[in-house]
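The exercises below are meant to be worked with the sequence and the coordinates open side by side. Each task is followed by a solution that proceeds step by step.

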Amino acid sequence: MKTFLTALVMGLCGALAVFVSFSMGWATWVMFLAWVSYYLFGKSIKVYIPSFLQIIAGIVMGVLIQSISGLLVPAIGALGFPVTVFVLIGSLAYVSKINGLNNIPAWFLGLIIFFGVHPELQVIPVLELLVPIVAGVVFALINDTGLKYINSITHIKNKNEHIRK
């Protein structure tokens with residue numbers, strides 16, 4: 001019964017997430033990437049927030065890579081982009097020494113989101129990336145809460161059955 005309830009919660013959350021994402025025209029994969037990141041980086045909002053901020057920092061790094069390379073390409077040609085990537089991603093070795101900025105996979109998730117969606121380099125399109133990210137975290141939180149509830153009721157049921165025996 002527990003497996004059925006778990007499947008039901010996960011399936012309903014996933015279906016609702018896809019429905020909302022498609023209805024709103026979001027990049028569904030971004031939402032699911034954020035959903036997975038919630039589970040990878042903490043499974044609680046308090047623990048997850050530093051990783052969330054580093055995902056955002058990765059998006060900002062993507063903006064910087066795109067912007068700086070756009071300035072360098074006219075000066076040094078096709079090497080402008082890889083040189084910019086080398087410098088900024090190489091800087092993560094130093095930035096990751098700072099407490100709270102040391103989750104390199106979170107930075108790369110932000111870079112993946114930015115370069116995967118490839119928004120226009122304007123404030124609104126870049127900020128719009130936050131919408132499916134936040135939605136993904138919310139769906140993960142709803143899913144996780146539902147699964148914790150199922151675990152608590154099945155644990156109580158199992159405990160009561162054990163006491164009866």
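## Exercise 1: A loop residue

Task: State where N102 is placed, and decide whether N102 is buried, partly exposed or exposed.

Solution. N102 sits in the loop that runs between α5 (92–95) and α6. The model is a predicted one, and in it N102 has a relative accessibility of 46%. Buried requires under 20% and exposed requires over 50%, so N102, at 46%, counts as partly exposed. Once neighbours within four places in sequence are set aside, the contacts of N102 are with Q54 and S96. As for V85, which is 17 residues away from N102 in sequence, the C-alpha to C-alpha distance is 19 Å.

## Exercise 2: The chain as a whole

Task: Describe the secondary structure of the chain, and then compare its radius of gyration with the value for a compact globule of 165 residues.

Solution. The first step is to count the elements: the chain has 8 helices and 0 strands, and read along the sequence they give the pattern α-α-α-α-α-α-α-α. The second step concerns dimensions, where a compact globule of 165 residues would have a radius of gyration near 15 Å, while the chain has 20 Å. Along the principal axes, the C-alpha atoms fill a box of roughly 80 × 40 × 20 Å. The third step turns to burial and surface: 33% of the 165 residues count as buried, and the chain exposes about 10000 Å², of which carbon and sulfur atoms supply 74%. Among the contacts with a separation of 6 or more, 65% are between residues 24 or more positions apart. Finally, the mean positions of the 9 positive and the 4 negative charges of the chain are 21 Å apart.

## Exercise 3: The nonpolar cores

Task: Identify the elements that give two or more residues to the largest nonpolar core, and say which of them gives the largest share.

Solution. Begin with the core itself, which has 26 residues, those with the most contacts inside it being W35, Y48, I55, I59, I113 and I133. Two or more residues come from each of α1 (2–24), α2, α3 (45–76), α6 (104–117) and α8 (130–164). Of these, α8 gives the largest share, with 7 residues. A second core, separate from this one, has 7 residues and includes M61, L88, W107 and L111. In soluble globular proteins, nonpolar side chains tend to be buried together. To follow one of the core residues further, take Y48: beyond its neighbours within four places in sequence, Y48 is in contact with A34, S37, Y38, F41, I55 and V137.

## Exercise 4: From α1 to α2

Task: Compare S21 and T28 by helix, by burial and by contacts, and then do the corresponding work for L33.

Solution. S21 lies in helix α1, whereas T28 is found in helix α2, which covers residues 28–40. S21 has a relative accessible area of 0% and is therefore buried; T28 has 14% and is buried as well, because buried means under 20%. With neighbours within four places left aside, S21 is in contact with W26, A27, T28 and M31, while T28 touches V18, S21 and F22 when residues up to four places away are not counted. L33 also lies in helix α2, but its relative accessible area of 23% makes L33 partly exposed. Outside its neighbours within four places in sequence, L33 is in contact with L109, I112 and I113. The C-alpha atoms of L33 and G110, although these residues are 77 apart along the chain, are separated by 9.9 Å.

## Exercise 5: Backbone angles in two loops

Task: Give the sign of phi for K43 and for H118, and locate both residues.

Solution. Most residues other than glycine have a negative phi. K43, which is not a glycine, has a positive phi of about 60°, and H118, likewise a residue other than glycine, has a positive phi near 55°. K43 is placed in the loop between α2 and α3, and H118 in the loop between α6 and α7 (123–127). For K43 the relative accessible area is 37%, so K43 is partly exposed.

Conventions: Residues numbered from 1 in each chain as written. Predicted model: local features only at pLDDT ≥ 70, side-chain atom pairs only at ≥ 80, totals over all residues. Heavy atoms only, no water. Helix = DSSP H or I, 4+ residues; strand = E, 2+ residues; numbered from the N terminus. Buried < 20%, exposed > 50% of the residue type's maximum accessible area, 1.4 Å probe, protein only. Contact = heavy atoms within 4.5 Å. Core = buried A, V, L, I, M, F, W, Y, C linked by side-chain atoms within 4.5 Å. Rg over C-alpha atoms; globule rule 2.2 N^0.38 Å. Areas by Shrake-Rupley, 256 points an atom, 1.4 Å probe, with all protein chains shown as cover. Lys, Arg positive; Asp, Glu negative; His and termini not counted. Charge placed at Lys NZ, Arg CZ, Asp CG, Glu CD.
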